[in-house]
Amino acid sequence: MSFEINQFTPRGDSQGWLIALEEGRQVPFPIKRVYYIFGTKPGVKRGKHAHRKLRQLAICLSGSCRFIMDDGATRNEFLLTSNTQGLQIDPMVWHEMEEFSADCVLLVLASDIYDESDYIRSKDEFDSLVYQRQH
Ligand code: TYD
């Protein structure tokens, strides 16, 4: 699996800019939940989990933060610095976020409501699930 960055087209006029995100267009899943992460303290790492079924799209609305993504085969880092791009977080991708700028506002669109049982919070469990799927 490779990780996908979706590029959004801003609409500009004399008033400034606007980006619209629509289900089935820029967002490839039904949007059942929206949350945003802000005010992250310096040095904090967030995420550190994978989801069993949830699909998400993360957009850094202001500031910047770094994503570390690992699907068990590939590990990539993405520094999100632009509100014109969205990083897709597919199921079974271990992800960690770090280096949040003080002004970072990270918007996340999710395909389902919050469900703790969808989380894999242990890296050992994640690694063994990936292993089982490959063998
Ligand atoms: P968590 O997923 O651990 O945050 P992160 O992975 O970004 O560090 O969530 C932090 C807390 O917020 C945790 O108590 C669960 C709660 N939460 C909700 O109630 N609803 C949500 O949609 C999310 C994402 C988290």
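A salt bridge is counted here where a side-chain nitrogen of Lys or Arg lies within 4 Å of a carboxyl oxygen of Asp or Glu. In this predicted model, the count by that rule comes to 10 salt bridges, and a network of them links R66, R75, E77 and E99.

**Pairs within the network**

| Pair | Closest N to O |
|---|---|
| E77 and R66 | 3.3 Å |
| R66 and E99 | 3.1 Å |
| R75 and E77 | 3.6 Å |

The salt bridge between E77 and R66 has its closest N and O atoms 3.3 Å apart. Because E77 lies in strand β8 (residues 75-80) while R66 lies in strand β7 (residues 65-70), this pair ties together parts that are 11 residues apart in sequence.

R66 also forms a salt bridge with E99, at 3.1 Å between the closest N and O atoms. Here R66 belongs to strand β7, whereas E99 sits in the loop between β10 (94-98) and β11 (105-110), so the pair joins parts that are 33 residues apart in sequence.

E77, in turn, meets R75 in a salt bridge through their side chains, with an N to O distance of 3.6 Å.

**Exposure of the four residues**

R66 has a relative accessible area of 19% and is therefore buried, since buried means under 20%. Of its partners, E77 counts as partly exposed at 42% relative accessibility, and E99 likewise counts as partly exposed, at 46%. R75, which pairs with E77, reaches 52% relative accessibility and so counts as exposed, the cut-off for that class being over 50%.

Technical notes: Residues numbered from 1 in each chain as written. Predicted model: local features only at pLDDT ≥ 70, side-chain atom pairs only at ≥ 80, totals over all residues. Heavy atoms only, no water. Helix = DSSP H or I, 4+ residues; strand = E, 2+ residues; numbered from the N terminus. Buried < 20%, exposed > 50% of the residue type's maximum accessible area, 1.4 Å probe, protein only.
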